[in-house]
Amino acid sequence: MALVRQTCERTGDGTAAIRRRSAVVDRILIEMWRRTFAGQTTLNVALLAMGGYGRKDLFPYSDIDVLFAFADDKTEEATKEAVRTMIQGMWDMGLRASPTSRTLKEVGRFDPDNLEFTLATLDHRFLAGQFPLYQQLHQTVFPGLVLSEWNTITQKLGEIARARHAKYGNTIFHLEPNLKECPGGLRDYHLAVWFALLFHLKETREWPRQRGGVFQSARGDAEAAFDFLAAARCFLHFRHGRDDNTLDWQSQDEAAANSIGLETRGTADPAYWMRTYYRHARVIYRRAVLLMEHLPAPVSFYRQFRRRRTPIAGTDFILDQGRIDILPGAQFSDTSAILRIFSLMATHGYTLSQAAEDRITDALPALAIHVPEGPYLWNALREVLLGPHAAHALRTMHALGVLEMLIPEFHGIDALVIRDSYHRYTVDEHTFLTIDNVHSLRQPTHDYEHRLAKILPEIDRLDLFLLSLLLHDTGKGRRTGEHTSQSVELADSFLARLDFDAEERETVLKLIRLHLEMSNALRRDIFDMESVRIFSDKIGSPMLLKMLTLMTYADIKAVNPEALTPWKAENLWQLYMATANFMDRSVDEVRYHAAIDPTLLNRIRSMVPSSQYEQLRQFLEGLPQRYLQTRLPEYIRDHFQMAAHLDQDPVQLDLRPHRQIFDLTVIARDRSQLFADVAGALAAWGMNIVKAGAFSNDAGIVVDSFQFTDTFRTIELNPSEKDRFLANLHDVVAQKTPVEQLLDARRHMNNLNNSKVEVPTRLQFDSESSTHSTILQVVAQDVPGLLRQIALTMSKHQCNIEVALIDTEGETAIDVFYLTHQGAKLAPEIQQALAAELTATLETMRATAGA
């Protein structure tokens, strides 16, 4: 095995390594059999290699599946001791034996609860013993078992595969994929081989002469994918010294450094290496899924009378129960028939058969000579984009090379990896998901989707909007400069080939140019009218605002399954509404909202006794208007009443769940570091702060608000912990419990050595975008207590936090603070001093956490 490892590491050939280990184990087991059964050669018993060992795919630390087959019960009893001795010998030699013992009668009996054994019979080889007994198993018993239960086996195999795919989210895209179990992994490769073998066995009623012959792809892409995965799995086994198939972040770095599975040796970029992995996984996953779709569905009474194969007019394709197949001998002279097929797929959700996919791929070189352009191409592409199943059709076009033939600009983002812990999908898949997210709004599920769905019918040119989504990230393939400008340049060249008029062209290009603006605006105070005004001036028109709102929704949601939180969706809607209202308002109305709304004040006064009007006025005196605008009158009344009880308890807390967000209000008399201490206590409990605000009135009463998510569901799963959580917070605010004590315990649980990416600290000041504050954006490594440390540093420099907007993308914290110093914006010298100390403090935190 040491020699196998040396050879594998020198050549990088994982497939050769597993074949060589199989041969080594063959020789060992055959010799063990010869010694163990010496003098018992007349006994009718045989030793078979099964499963992965049977197909000679014996990875370095995989189990060794063997079958001891006996002619009858008497033979089994007579050889029991010899079999036990041989199995014990395998373990003593360090071979992970996985033995099964069966009589001839037992082998031929199907057990629906043990499908694994039946599948193992598909991959069997003779090792030792009575060859006539093996021939009986191979030629009669095994085929008879499979054919008699063919429907049950195939249906159950499909069910197990679908359940496994569902467990991994029905996607090949995972930050740390399992090479064996994930969709597109080795299990799917063998699944495809098994299905091909089962179909062959049913059709010919005999085993294929060469097992690999039933699953050979026309371009050899499936075989190349297996070779890559085999090399990667061997690397993982040798690296970990066990059967560990998880491709974790550090393993990816090391595999890339050694060019594992690549044709060229030397060092490769980890993002490039993962790009290669996703391309191979995509090939295997498509093959497996197509073969599963080929399984015969249960026949209903109605379906017996339906016409099974319907010709598709004007093409050589036929429709067979939702699957598009191709007529034998069909020839492609132009792309019209193929584009018609993809339009039907987008409209009805049809899928292509494997034969149809192979024929289309084979025809591409001839079709590429005359690629359609102009209105013809746009009309065909437009039909695909507008179909409710557009993403499905586009994925198929992309997998077969049709999309790149029509839009060469798309090739740069094929399986392109943005390697951080925030972006889960490759750029091409992210693009298809954005289009899918828009079409999914036709059947909304969440509350925020119902609101956004109302905008969709108001989009005048949905076709141009969807085209902009298809092209919005193509510039990422260039890897130089800011990707939006690169995407605009690539889109412009494609639109020129479509013969778009100036207005259509500008609509698409402007959407691509501005597609990040709304996400950036969400990192500002959306209740600050100056922020809304600046954003409104950039957008310009209500129609473009509607398009950008849907584009931002689809874009964020397609980053990873958790990227679009209900809180972010709510903020997106609030920004849309605020900007739309701003675009419709007159100048006089804007000035009117600079004063407190008397209607709001009257609503609050109606909720308290008249004897408390004066106390209410004193409580509200000096509170910023944004506090009044962003809280319901009922909440303001409650805060007033809490403030009235400060003499009984100097710390008043209010915790309210709101969907997946908790809203915490802390009311206390002002003191230094109050905001920082609350932030630290929340961090110590593992809470993820998403937004915070600090308000105070003229009487020195502080109303601090924190919106946070309970990352570990501590309060949800342990309701009794809520009281302890609030008591803990109370003691921190009352300065009875040092917050550092809580944070120290938390830091031991969060070791930065597990971080996947290193985030350098970046600070950006902006004194222009707000009329009342200096805006500071802090980008840093997300570590426990980060917000508290930032707040402490700001407090040290006498900076008051007016608003704090907290966001996290993977391991990157992107926090925005609206700061004032003695009621005014920060002077340049204060900015400089604050920046220097913040940078040093945050870099020290990062270094300490990683130690």
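Start by selecting Arg-323 and Thr-351: these two stand opposite each other, with Thr-351 in strand E8. You're looking at a predicted model, where local features need pLDDT of at least 70 and side-chain atom pairs count only at pLDDT 80 or more, while totals for chains, interfaces and linings use all residues. Residues are numbered from 1 along each chain as its sequence is written, and side-chain values use heavy atoms, leaving out hydrogens and water.

**Stop 1: the sheet around Arg-323**

Now select strand E7 (residues 323-326) along with E8; the two run parallel and are joined by two bridges. Strands here, marked E, are DSSP runs of at least two residues, and helices (H or I) are runs of at least four, both numbered from the N terminus. Two strands count as paired if DSSP finds at least two bridges between them. Add E5 and E6 and you have an open sheet in the order E5-E6-E7-E8, with mixed pairing. What stands at the edges? Strand E5 (309-311) and strand E8 (351-352) do, each with a single partner strand, so one side of each has no neighbour in the sheet.

**Stop 2: strand E2 and its partners**

Next, pick out strand E2 (residues 64-70). Six of its seven residues are buried, so E2 is largely enclosed by the rest of the structure. (Buried means under 20% relative accessible area, exposed means over 50%, and partly exposed is in between, using a 1.4 Å probe and protein chains only.) Strand E1 (residues 45-50) runs antiparallel to E2, with five bridges joining them; look for Ala-46, whose bridge partner in E2 is Ala-69. Strand E3 (residues 97-103) runs parallel to E2 and is joined to it by seven bridges. To see one of these pairings, select Phe-68 and its bridge partner in E3, Ser-101.

**Stop 3: a buried threonine**

Go to helix H7 (residues 115-120) and find Thr-118. Is Thr-118 buried or exposed? Its relative accessibility is 3%, so it counts as buried. Leaving aside neighbours within four places in sequence, Thr-118 is in contact (heavy atoms within 4.5 Å) with Phe-110, Leu-145 and Ile-153.

**Stop 4: the cores**

Select Phe-465 and Leu-467. In the largest nonpolar core, which has 96 residues, these two touch the most other members. Helix H26 (residues 542-557) gives the most to this core, with nine residues. A nonpolar core here is a set of buried Ala, Val, Leu, Ile, Met, Phe, Trp, Tyr and Cys residues joined through side-chain atoms within 4.5 Å. Zoom in on Phe-465: apart from neighbours within four places in sequence, its contacts include Val-438, Leu-511 and Met-547. Then hop to a second, separate core of 54 residues, where you'll find Leu-664, Ala-668, Trp-685 and Met-687 among the members.

**Stop 5: a proline in a loop**

Pro-624 sits in the loop between helix H30 (613-620) and helix H31 (625-629). With 26% relative accessibility, Pro-624 counts as partly exposed. Not counting residues up to four places away in sequence, Pro-624 touches Phe-695 and Ser-696. Try a distance to Met-529 too: C-alpha to C-alpha, Pro-624 and Met-529 are 13 Å apart in space, and 95 residues apart in sequence.

**Last stop: zoom out**

Show the whole protein, with its 38 helices and 16 strands. Its C-alpha atoms fill a box of roughly 105 × 65 × 55 Å along the principal axes. Of its 851 residues, 55% are buried.
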